[in-house]
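Please look at the sequence and the model shown here before reading the report, and keep both in view as you go through it.

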Amino acid sequence: MKKYTNTGSKDTRSGFGAGMTELGQKNENVVALCADLIGSLKFDDFKKNHPERFFQIGIAEANMIGIAAGLTIGGKIPFTGTFANFSTGRVYDQIRQSVAYSDKNVKICASHAGLTLGEDGATHQILEDIGLMKMLPGMTVINTCDYNQTKAATLALADHHGPAYLRFGRPVVPNFMPADEPFVIGKAIMLNEGTDVTIIATGHLVWEALIAAEALEAKGISAEVINIHTIKPLDEEAILKSVKKTGCVVTAEEHNIIGGLGESVSRTLVQNHLVPQEFVAVNDSFGESGTPDQLMEKYKLNNQAIVEAVERVIKRK
């Protein structure tokens with residue numbers, strides 16, 4: 001069993017920035033577009049080193065998506081950057097028509113996702129973006145868990161042809177995935193092997209799942225923990241292999257219970273191997289203003305909530 005430890009907390013958006021800096025040096029076709037949030041998206045180094053490949057669009061997100069789609073026609077690989085709320089909800093029509101329907105090689109990169117942008121409040125917190133994006137035919141959807149994985153995903157997307165959505169966050173979180181861990185789009189990562197329950201987590205909830213697994217071990221419950229960084233295409237093979245062994249599953253995500261990872265897993269189970277499932281997610285509501293920790297506690301998106309969900313689901317086996 002591989003042990004994952006926190007090597008120092010970092011924000012995942014800085015992992016995106018580091019990935020863009022490296023891509024700027026490695027791939028001359030990579031271009032960056034930003035909607036007046038250079039610092040928030042960590043585009044500073046890319047802009048400084050490659051000003052001819054950086055486009056400041058301003059607060060005009062729909063225009064940014066249209067320009068990005070156009071740049072692909074000349075062989076460029078555009079990475080767009082703004083908050084998740086503005087990357088998806090505000091520009092959904094442009095993404096659907098100009099990127100997804102047209103199968104354009106645009107990488108839509110979104111920071112400040114979920115509840116953990118905190119004090120900006122409910123209008124800026126988006127909990128439905130994964131659902132919006134995974135419904136688009138041909139759209140790859142990635143939700144990373146830490147700095148290292150976000151950097152690796154950014155690099156991988158440059159080599160992946162087709163529209164993609166990369167979701168990451170604002171706060172500092174534990175950095176526990178090894179820097180040399182291979183990032184394969186569509187392939188889950190087994191973090192902890194177990195026999196009694198499968199915990200499938202994505203984004204900021206992956207670390208919480210590992211903490212939960214330790215607490216469960218102390219209670220005599222063996223939890224298998226799987227890091228699902230790619231929500232679409234979903235690694236159904238890894239999920240089914242695990243649940244056939246454990247007989248039950250808990251999904252954990254910083255997203256609405258409707259439309260997220262949990263529903264994708266449910267569909268897989270219903271179609272292939274039905275087992276009891278519990279959900280750790282926001283229960284069909286908007287967020288509110290507060291610190292990230294306060295919000296994750298109030299909306300039950302933490303290791304304690306995962307432990308409680310495991311105890312419930314095991315009783316249903």
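The report that follows describes one arginine and its surroundings, and then turns to a sheet of strands.

## Model and setting

The structure is a predicted model, and the description begins with arginine 170, which is placed in the loop between β7 (residues 164-167) and β8 (residues 172-173). Is this residue buried, partly exposed or exposed? Arginine 170 is partly exposed, because its relative accessible area is 30%, a value that lies between the limits of 20% for buried and 50% for exposed.

## Surroundings of arginine 170

When neighbours within four places in sequence are left aside, arginine 170 is in contact with Asp11, Arg13, Ser111, His112, Thr116, Leu117, Glu119 and Asp120. For leucine 117 there is a further detail, since a polar atom of the arginine 170 side chain lies 2.7 Å from the backbone oxygen of leucine 117.

Sequence distance and distance in space can also be set side by side for arginine 170 and leucine 41, which are 129 residues apart in sequence, while their C-alpha atoms are 9.1 Å apart.

## The sheet

Seven strands form an open sheet with mixed pairing, and their order is β3-β2-β4-β5-β7-β6-β12. The edges are taken by β3 (54-56) and β12 (230-232), each of which has a single partner strand, so one side of each is left without a neighbour in the sheet. From one strand to the next, the twist averages 20°.

At the β12 edge, strand β6 (residues 140-143) pairs with β12 in the antiparallel sense over two bridges, and isoleucine 142 has threonine 230 in β12 as its bridge partner.

Conventions. Residues are numbered from 1 along each chain as its sequence is written. This is a predicted model: local features need pLDDT of at least 70, side-chain atom pairs count only at pLDDT 80 or more; totals for chains, interfaces and linings use all residues. Side-chain values use heavy atoms; hydrogens and water are left out. Helices (H or I, at least four residues) and strands (E, at least two) are DSSP runs, numbered from the N terminus. Buried means under 20% relative accessible area, exposed over 50%, partly exposed in between (1.4 Å probe, protein chains only). Contact means heavy atoms within 4.5 Å. A polar contact is a pair of N or O atoms within 3.5 Å; within protein, one must be able to donate a hydrogen and the other to accept it, and residues adjacent in sequence count only if both atoms are side-chain atoms. Two strands pair if DSSP finds at least two bridges between them. Axes are lines fitted to C-alpha atoms, for helices over the stretch in contact, and angles run from 0 to 180 degrees between N-to-C directions.
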